[in-house]
Amino acid sequence: MELSKKEKTIKYIVFCVLIALAALLQNVGGLWFEIGGARCFFLIPVCIILSLGEDEKISALFGLFAGFLWDTVSAQHMGFNCIFLMLLCYIVSTLETFIFRDTFLIEAAATAIISLLYVIAYWLFFVLRKGVDGSAVIFLEFYIPCFVYTCVMMPVLYLLITPLKNKLNKVQSEN
């Protein structure tokens, strides 16, 4: 069923609000639990969940918006998150359009792969390249636990976001 312009506008506004809430939970200290110093990168699974099932351009814009919100609170790497999330949301949406189906397993695998790529790329570009002392320890004690925490939170986010996403897309349940 094709959505009207008003319904699409409402859907995209709700999706942007969800991305903004994820950015708040992720970036404002004290709003969400840190386990052993590890933080959940909420924006990655939220963007993946919202991007799959959408047009590639819309998915890229979700990634751009999420990356922009993430970059606004960073002092070192302006633009990295925008480019990273925009590019990977576009790629995941394209793969879903032409190769895969939008299922929980695809979303979980995409979240895990993208989270791992993110922590490796961030560590390489902004920790290892700058010659930070103990960079291997930082990777093992901070970035890997953040990756695991993000992957563990993905099913919870999926259970919270997917019913809303289906309702906004007017998906009929198969019973």
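Which residues make a nonpolar surface patch of about 920 Å²? Let's work through that and a few more. The model is predicted: local features need pLDDT of at least 70, side-chain atom pairs count only at pLDDT 80 or more, and totals for chains, interfaces and linings use all residues. Residues are numbered from 1 along each chain as its sequence is written, and side-chain values use heavy atoms, with hydrogens and water left out.

**Exercise 1. Find the patch residues, then place F33.**

Step 1: the patch is made by I13, V17, L21, L24, L25, V28, L31, W32, F33 and I35. Patch members have over 30% relative accessible area and no salt bridge, with nonpolar side chains (Val, Leu, Ile, Met, Phe, Trp, Tyr) joined within 5 Å and like charges within 9 Å. Areas come from the Shrake-Rupley method with a 1.4 Å probe.

Step 2: F33 sits in the loop between α1 (5-27) and α2 (43-51). Helices here are DSSP runs (H or I, at least four residues), numbered from the N terminus.

Step 3: F33 has a relative accessible area of 61%, so it is exposed. The cut-offs are under 20% for buried, over 50% for exposed, and partly exposed in between (1.4 Å probe, protein chains only).

**Exercise 2. Check the span of α4 and say what covers its buried residues.**

Step 1: take 1.5 Å times one less than the number of residues. For the 19 residues of α4 (residues 80-98) that gives 27 Å, and the end C-alpha atoms are 27 Å apart, which agrees.

Step 2: list the buried residues, among them F80, F84, L88 and V92.

Step 3: their cover includes α2, α3 (56-71) and α5 (104-128).

**Exercise 3. Pick out the hubs of the largest nonpolar core.**

Step 1: such a core is a set of buried Ala, Val, Leu, Ile, Met, Phe, Trp, Tyr and Cys residues joined through side-chain atoms within 4.5 Å.

Step 2: of its 47 residues, I19, L50 and Y118 touch the most other members. The largest share of this core, 11 residues, comes from α6.

Step 3: leaving aside neighbours within four places in sequence, Y118 is in contact (heavy atoms within 4.5 Å) with F41, I44, W70, F80, N81 and F84.

**Exercise 4. Trace two salt bridges and classify their partners.**

Step 1: the cut-off is a side-chain nitrogen of Lys or Arg within 4 Å of a carboxyl oxygen of Asp or Glu.

Step 2: E7 and K170 meet at 2.2 Å, N to O. E7 is in helix α1 and K170 in the segment after α6, so the pair ties together parts 163 residues apart in sequence. E7 is partly exposed at 23%, and K170 is partly exposed at 37%.

Step 3: K11 and E54 meet at 2.9 Å, N to O, and both are buried.

How values were computed:
Helices (H or I, at least four residues) and strands (E, at least two) are DSSP runs, numbered from the N terminus.
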